[in-house]
Amino acid sequence: MREFDDKTSWEGGRGEVLYTGAVLEAAGAHDKLKRAITLQLERWNATEKERRAAEDGVVTANACVAWADHVLDKAVRAFANELLHDAGGDATKRAFTAYFPEAPNEVIRMGLEAEVERCERFGVVAEKVPLSKATAAKLATVNEAITAGKAALKRRRDAYNTQAQASLDVASWKESANATRVSVFVQLQAWALEHDEERVYADRFFPVRTAGRRKGAKDEGEGGGGGGGGEEGGGTP
């Protein structure tokens, strides 16, 4: 039996545990050990559900950030156009440059987080440079987009935190599964001695993993791997 390491994939780890459970069931003499393996499979399923949900959460959160960025861009453009109209089309007038010392497109090209921070300054300027009723309405739309943008950014931060926790849970499962597999292996060795079984008896409950990998071939232990290498799927790994 070889323990899991950094090269053991998430799916591959499940496959190896599943293989051991299947051989234990086929042997029919190790119910206690099979229960321990079954618990690890159940934990894998629960962890996988959380891991997949965390990955989906990141995808959907990024989508929400992208849309919130689009909405804010649109609101800023409309606000800038209304300001320019109030300034008689002259982008050099203070009524316009007070809000946009840079070109409006430079603000629009910012990422959502930077754009939100930049657009929040409009409120400070509005206290000193009054707006027409129509332009104030456009600024209100910008503020609504800012609020929505902040919510989207928080959702993304939370999603990445959840994904990081899921990654820790995956590592924890590998450690726990390793400990269970080692325990099962040792107990099978002891059982073999007590029942006058062959020396490689315990090895038969674990899939063989070769040191190398043939070009174009899959790892034998991955996805439930075969137990090849020896008579009737046994042999020493």
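What should the 62 residues of helix α7 span at 1.5 Å a residue, and how far apart are its end C-alpha atoms? The expected span is 92 Å and the end C-alpha atoms are 91 Å apart, which agrees. The legends below describe this helix and other parts of a predicted model.

**View 1. The whole protein has 7 helices and 0 strands.**
Read from the N terminus, the order of elements is α-α-α-α-α-α-α. The protein has 237 residues, and 36% of them are buried. Its accessible surface is about 13,800 Å², and carbon and sulfur atoms account for 52% of that area. Among contacts with a separation of 6 or more, 71% join residues that are 24 or more positions apart.

**View 2. Helix α1 covers residues 10-27.**
This helix has 18 residues, and the distance from its first C-alpha to its last is 26 Å. That is close to the 26 Å expected at 1.5 Å a residue. An α-helix has 3.6 residues a turn, so residues three or four places apart point the same way. The buried residues of α1 include Trp-10, Glu-16, Val-17, Tyr-19, Thr-20 and Leu-24. Glycines are also on the list of buried residues in α1: Gly-12, Gly-13, Gly-15 and Gly-21. Which helices do the buried residues of α1 pack against? They pack against α2, which runs over residues 31-86, and against α7. Gly-28 follows α1 and has a positive phi, near 70°.

**View 3. Arg-14 is placed over the face of Trp-44.**
The distance from Arg-14 to the ring centre of Trp-44 is 5.2 Å.

**View 4. Helix α7 runs from residue 133 to residue 194.**
One residue of this helix is Arg-157. Is Arg-157 buried or partly exposed? It counts as partly exposed because its relative accessibility is 45%. Arg-157 is 95 residues from Asn-62 in sequence, and their C-alpha atoms are 9.8 Å apart in space. Past the end of the helix, Asp-196 comes just after α7 and has a positive phi of about 55°. Asp-196 belongs to the segment after α7, and its positive phi occurs in a residue other than glycine. With a relative accessibility of 72%, Asp-196 counts as exposed.

**View 5. Phe-185 and Phe-206 form an aromatic pair.**
A search of the whole structure gives 12 aromatic pairs. In the pair of Phe-185 and Phe-206, the rings are edge-to-face, with 5.7 Å from centre to centre and 70° between the planes. The pair links distant parts of the chain, since Phe-185 is in helix α7 and Phe-206 is in the segment after α7, 21 residues apart. Are Phe-185 and Phe-206 buried or exposed? Both residues are buried.

**View 6. Five aromatic residues, Phe-79, Phe-96, Tyr-99, Phe-100 and Phe-122, form one cluster.**
The members of this aromatic cluster are four Phe residues and one Tyr, Tyr-99.

**View 7. Two residues before α1, Arg-2 and Ser-9, are shown with partners far along the chain.**
Arg-2 lies in the segment before α1 and is partly exposed, with a relative accessible area of 37%. Which distance separates the C-alpha atoms of Arg-2 and Val-208? They are separated by 8.6 Å, although the two residues are 206 residues apart along the chain. Ser-9 also lies in the segment before α1. It counts as partly exposed, at 30% relative accessibility. Ser-9 and Lys-174 are 165 residues apart in sequence, while the C-alpha to C-alpha distance in space is 9.7 Å.

**View 8. Cys-64 is partly exposed, whereas Cys-119 is buried.**
A disulfide is a covalent bond between the sulfur atoms of two cysteines. How many disulfides does the structure hold? The number is 0. The relative accessible area of Cys-64 is 28%, and this residue is therefore classed as partly exposed. Cys-119 has a relative accessibility of 0% and so counts as buried.

How values were computed
Residues numbered from 1 in each chain as written. Predicted model: local features only at pLDDT ≥ 70, side-chain atom pairs only at ≥ 80, totals over all residues. Heavy atoms only, no water. Helix = DSSP H or I, 4+ residues; strand = E, 2+ residues; numbered from the N terminus. Buried < 20%, exposed > 50% of the residue type's maximum accessible area, 1.4 Å probe, protein only. Contact = heavy atoms within 4.5 Å. Areas by Shrake-Rupley, 256 points an atom, 1.4 Å probe, with all protein chains shown as cover. Expected span 1.5 Å × (residues − 1). Phe/Tyr/Trp six-rings, centres within 6.5 Å; stacked < 30°, edge-to-face > 60°. Lys NZ or Arg CZ within 6 Å of the ring centre and 35° of its normal. Disulfide = S-S within 2.5 Å.
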